[in-house]
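Trainee: I should like to take a close look at one part of this model, the packing of a pair of helices. Could you guide me through it and its surroundings?

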Amino acid sequence: MATPPLKYNKAQIMLHWLSAALIIIMLFAGLVVLPNLPDGGFKAFAVQMHMLTGIAIFFLTLVRIVLKKKLQQPLYASTGNALLDKLGVVTHYALNIVTLLVVLAGIGFALSAGFWDVLWGVYVMPAHTDSALVGFFHEAHEILAFVLIGLIVLHVAGAVFHQHVLKDNLISRMKMR
Ligand code: HEM
């Protein structure tokens with residue numbers, strides 16, 4: 001069997017940082033920018049960008065999952081604590097799953113509220129914002145976004161722990177050079 005690489009593949013590294021940046025921008029846009037925009041053409045444009053970027057994130061996540069399965073990965077970096085190691089593995093799976101679910105809930109929200117056509121630049125206002133289905137998808141989209149924030153905090157805390165407590169320079173595996 002071939003020796004495992006010391007760092008991730010360049011495509012994985014690029015996709016990791018691109019996805020991280022887009023997800024953080026989407027969380028900020030969803031929680032801070034969109035709710036504070038007055039109804040109108042600019043808000044519809046902002047929602048259109050939000051929807052398009054979210055769908056792009058969905059496909060980027062699928063590509064990252066496939067690359068992880070297909071390419072040889074660096075060895076698992078143990079913390080020396082079985083519980084923390086488990087938490088690390090669960091967090092990595094959960095980050096991908098919750099990202100996919102946030103997007104699916106967003107799609108459900110846009111479809112059920114009747115403003116899917118905003119995606120193609122048809123700036124209609126939500127048609128049925130008060131139905132139970134719209135409420136369900138909207139809640140799910142919001143709650144999953146907060147779960148995603150929690151997972152990102154855990155993920156970053158893990159990276160900081162490796163870097164500054166264990167001092168194993170784990171971040172170098174995710175650097176382009
Ligand atoms: C990683 C992907 C995504 C993230 C992190 C994200 C995050 C968020 C957040 C945090 C909100 C605010 C929720 C609230 O408090 O009401 C929001 C709103 C919204 N999202 Fe997403 N979203 C994503 C993808 C999508 C997708 C793919 C769609 C639809 C195709 C979508 C449609 C919407 C819509 C329509 C709103 C409400 C905008 C408004 O009228 O204020 N989102 N998003």
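At what angle do helix α3 (residues 82-112) and helix α4 (residues 132-166) pack, and how many Å apart are their axes?

Mentor: Please note first that the model is predicted: local features need pLDDT of at least 70 and side-chain atom pairs pLDDT 80 or more, while totals for chains, interfaces and linings use all residues. Residues are numbered from 1 along each chain as its sequence is written.

Helices α3 and α4 pack at an angle of about 155 degrees, and their axes are 8 Å apart. Here an axis is a line fitted to C-alpha atoms, for helices over the stretch in contact, and angles run from 0 to 180 degrees between N-to-C directions. The helices themselves are DSSP runs (H or I, at least four residues), numbered from the N terminus. Because of that angle, α3 is roughly antiparallel to α4; this term applies to angles over 145 degrees, whereas those under 35 count as roughly parallel, 65 to 115 as roughly perpendicular and the rest as oblique. The crossing of α3 past α4 is left-handed, meaning that the near helix is turned anticlockwise from the far one by less than a right angle. In their contact there are 17 nonpolar residues, ten polar and no charged. Ala, Val, Leu, Ile, Met, Phe, Trp, Tyr, Cys and Pro count as nonpolar, Asp, Glu, Lys and Arg as charged, and the others, Gly among them, as polar.

Helix α3 also takes part in the largest nonpolar core, a set of 15 residues in which Ala105, Phe109 and Ala113 touch the most other members. Such a core joins buried Ala, Val, Leu, Ile, Met, Phe, Trp, Tyr and Cys residues through C-beta atoms within 7 Å. At least two of its residues come from each of α1, α2, α3 and α4, and α3 gives the most, with five.

The ligand is surrounded by 23 residues, the closest being Gly30, Met51, Gly54, Gly106 and Ala145; a residue counts here if its C-beta atom, placed from the backbone, lies within 6 Å. The largest share of this shell, seven residues, is again from α3.

Finally, α4 holds isoleucine 149. This residue is partly exposed, because 15 other C-beta atoms lie within 10 Å; 20 or more would make a residue buried, and 12 or fewer exposed, with C-beta atoms placed from the backbone.
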